[in-house]
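Here are some notes for a colleague who is opening this structure for the first time. Please read them with the sequence and the model side by side.

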Amino acid sequence: MIKNKTLKKSLIVNFIFILLTIIALIVIIINGMKDITKAQDSIEKEYMHVDKLYEAQVAHFKWGSNLNAAINYGEEFTGANNPQKCSFGQFIYSDEFQKDSDNIEFLSEIEPVHNEIHSSASQILSYVENSREKAVKIYKSETEPNIEKLIGKLNEYIAEKNNNIVEYE
C-alpha cells in the first residue's frame with residue numbers, strides 16, 4: 001500500500017513536471033514565432049525601402065536627363081519642380097517614412113539636396129529661351145552635382161538598409 005502511494009505520488013509529480021515542461025516549451029515556441037514574424041516584417045520594410053531608393057535613383061537620373069534635353073534640344077520638361085510631387089518626395093514625406101526614427105538622419109541629409117535639385121528646374125527653365133548658356137551653366141554647376149550627391153546619399157542608405165536586412169536574417 002505504501003509503495004502504491006509512493007508510486008502514485010511519483011507519477012503525479014512526474015506528470016506535473018512533464019506538463020510544466022510542455023507549457024514552457026509552448027511559451028518558448030510562441031515567443032520564437034513572434035520574434036520571427038517581427039524580423040520578417042522588418043526585412044519586408046527594409047526591402048520596400050531599398051526598392052523605393054533604387055526607384056528614386058532611376059527617377060532622378062531620368063529627371064536630370066529630361067531637364068538636360070529641355071535645355072539643349074528644346075524638348076518639353078515633364079519633371080516635377082516640386083520635390084514633394086515626385087515619387088521619391090511622396091515616399092520620404094509619407095507618414096510611414098516620417099514616423100520611423102531610423103530615417104531622421106537620412107532625411108536631414110537628403111532633403112536639402114533633393115529640394116535644390118527640384119527648385120533648380122524652375123530657375124533653369126526661366127533661362128532656356130533667353131540665355132541658354134546660363135541655363136547650361138546652372139545645370140552643370142548646381143543641378144548635375146546635386147543629382148550626383150543625391151545618388152551618392154541614396155547609395156549609402158541602400159547599403160545601410162542592406163546591412164539591416166543581413167542582420168535580421
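1. In this predicted model, one aromatic cluster is formed by F91, F97, F106 and Y157. A search of the whole structure finds four aromatic pairs, and the pair made by F91 and F97 is tilted, with 4.8 Å from centre to centre and 55° between the planes.

2. Are F91 and F97 buried or exposed? F91 has a relative accessibility of 7% and therefore counts as buried, and F97, at 1% relative accessibility, counts as buried too.

3. The rings of F106 and Y157 have centres 3.9 Å apart and planes at 5°, so this pair is stacked. The pair links distant parts of the chain, since F106 lies in helix α4 (residues 104–128) and Y157 in helix α5 (residues 132–168), 51 residues apart.

4. For the two members of the stacked pair, the accessibility values are as follows. F106 counts as buried because its relative accessibility is 4%, which lies under the 20% limit for that class; Y157, with a relative accessibility of 4%, counts as buried as well.

5. Turning to the surface, please look at the nonpolar patch of about 660 Å², which is made by I12, F15, I16, L19, L20, I23 and V27. One of these residues, I16, has its place in helix α1 (residues 2–73). With a relative accessibility of 44%, I16 counts as partly exposed, because that class covers the values between the 20% limit for buried and the 50% limit for exposed.

Conventions. Residues numbered from 1 in each chain as written. Predicted model: local features only at pLDDT ≥ 70, side-chain atom pairs only at ≥ 80, totals over all residues. Heavy atoms only, no water. Patch = residues over 30% accessible without salt bridge, like charges linked within 9 Å, V, L, I, M, F, W, Y side chains within 5 Å. Areas by Shrake-Rupley, 256 points an atom, 1.4 Å probe, with all protein chains shown as cover. Salt bridge = Lys/Arg side-chain N within 4 Å of Asp/Glu carboxyl O. Helix = DSSP H or I, 4+ residues; strand = E, 2+ residues; numbered from the N terminus. Buried < 20%, exposed > 50% of the residue type's maximum accessible area, 1.4 Å probe, protein only. Phe/Tyr/Trp six-rings, centres within 6.5 Å; stacked < 30°, edge-to-face > 60°.
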